[in-house]
There are 2 protein chains.
Amino acid sequence: MRISQLSAESGVPIATIKYYLREGLLPQGEQTSATRAEYGARHLRRLRLIRALLEVGRLPLAAIRKVIDAVEDEETSVFHMLGTAHWALAHPVEPHTDDEEWQGAREETDRLIGELGWTVDPESPTRGELAQTLVKLHQLGMSGDVRPYAEAAERLVAEHELGKVLGHSREGAVEALVLGTVLYGRVLDVVRRMAHESEAAKALSPRPEA
Amino acid sequence: MRISQLSAESGVPIATIKYYLREGLLPQGEQTSATRAEYGARHLRRLRLIRALLEVGRLPLAAIRKVIDAVEDEETSVFHMLGTAHWALAHPVEPHTDDEEWQGAREETDRLIGELGWTVDPESPTRGELAQTLVKLHQLGMSGDVRPYAEAAERLVAEHELGKVLGHSREGAVEALVLGTVLYGRVLDVVRRMAHESEAAKALSPRPEA
């Protein structure tokens, strides 16, 4: 298809498509004459992925480029390609290595991962993110027992999420990972607040609704 | 204690305390002379709550005022007071009543709540939030089966969260609700991404780590 049709089918404006082509985020089409190029399903798939990273993942362009590089490099294993997407979605935290409280929380995080038997890269930004949240919980005198959350998350991922990611093309797997992480994360956040309202009603309502 | 000591104990600058007093967020101290007032445990507790709403809940001042009003008004039941805090933490969504897709998602949400047997106010902003996320999932061709998330959330709230909120003073209950909603929400988000990395490693690693 021509670039105009690619734009119509993907919903991405022609100027934006040209920008992605210049930036190397989208592979060049097949040149059929000096002024014409043909695009195909592969370009549509890539545009879907870029939009997912941009609009749902809200990733900056530099992060999108890294993810696309991992998708394009067939030498990169699917595991490492997905890891690149995970890291791009993280909110990295500066480690406070000279702060005892932070160090303690970081050791607590590492111990928890060990006890759960999870395989999480020692450099994964999620370790620092959890440590920082533990510091905050401790400072506020709240329970740092996060095992119930970890176990619930493990069950959800194993039974309902991972299967949606694997068994796609490379592009499709990354797209499913990013959309799933963000959107089902949003679902989980909302239904948890709903459940809170409902459980509080059960516990406090003098006369439960029929 | 004097205002300087209240500031020292709470970590809130004197100028900020004076601002809260002027705005009525903090009750006046007991006037002991024309220029002196005494503050007590009640003021400390209120300052803790304001900071929780502001720094962890990231609520705007208008929302904080509503929550404080509900805390102060002893006529407001604990259930409605907690509800005020819940609503303040929501991200209300404009209902698109003339949009069929949105209407369908909203009906799906209402049906789900009914099937789960949950008590959620018909006007609760969480209903619109879930409907909007369902619209996005449908548009992207992803599964809208959010029951597993709802069931996991219900278990977490009933077994681990609600007990931390009830059985406090009014101030303490709202503080625990806001801190718990935000911070354990953050925990859940991080451990879910960790679990994803770990489950992907299990599924894809050619030789699992020892």
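This report looks at how two chains pair up in a predicted model, and then at one helix of chain B.

## How the two copies relate

Start with the symmetry. A turn of 180 degrees, with a shift of 0.0 Å along the axis, lays chain A on chain B with an RMSD of 0.1 Å. The two copies are therefore related as by a two-fold rotation axis. If you want to find that axis from chain A, go to A:Ala152: its C-alpha is the nearest one in that chain, 3.1 Å away.

Both copies use the same surface for the pairing, as 100% of the contact residues of chain A recur in chain B.

## What the interface is made of

On the contact count, 70 residues of chain A meet 70 residues of chain B. Between them the chains bury about 6,900 Å², and 73% of that is on carbon and sulfur atoms. On the chain A side, the residues that lose the most area to chain B are A:Tyr149, A:Arg192 and A:Arg193, which together make up 12% of what that side buries.

There's a polar part as well. Chain A and chain B share 20 residue pairs in polar contact, counting pairs with both residues at pLDDT 80 or more. Four salt bridges cross the interface. In a salt bridge between B:Arg192 and A:Glu161, the side chains come to 3.0 Å, N to O.

Which elements of chain A give two or more residues to the side that touches chain B? They are α3 (41–56), α5 (78–89), α6 (100–116), α7, α8 (147–165) and α9 (170–204). Helix α9(A) supplies the largest share of that side, with 25 residues.

## A closer look at α3 of chain B

Helix α3 of chain B covers residues 41–56, which is 16 residues. At 1.5 Å a residue it should span 22 Å, and its end C-alpha atoms are 22 Å apart, so the expected and modelled lengths agree. Just after α3(B), B:Arg58 takes a positive phi of about 50 degrees.

The buried residues of this helix are B:His43, B:Arg46, B:Leu47, B:Leu49, B:Ile50, B:Ala52, B:Leu53 and B:Val56. As a reminder on helix geometry, there are 3.6 residues a turn in an α-helix, so residues three or four places apart point the same way.

What do the buried residues of α3(B) pack against? Within chain B, their partners are α1 (3–10), α2 (14–23), β2 (36–38), α4 (61–72) and α9 (170–204). From chain A, α7 (125–139) joins them.

Terms used
Residues numbered from 1 in each chain as written. Chains lettered and ligands numbered in written order. Heavy atoms only, no water. Helix = DSSP H or I, 4+ residues; strand = E, 2+ residues; numbered from the N terminus. Expected span 1.5 Å × (residues − 1). Buried < 20%, exposed > 50% of the residue type's maximum accessible area, 1.4 Å probe, protein only. Contact = heavy atoms within 4.5 Å. Least-squares fit on C-alpha atoms with pLDDT ≥ 70 in both. Buried area = accessible area lost by both parts, 1.4 Å probe. Polar contact = N/O pair within 3.5 Å; in protein donor to acceptor, adjacent residues only side chain to side chain.
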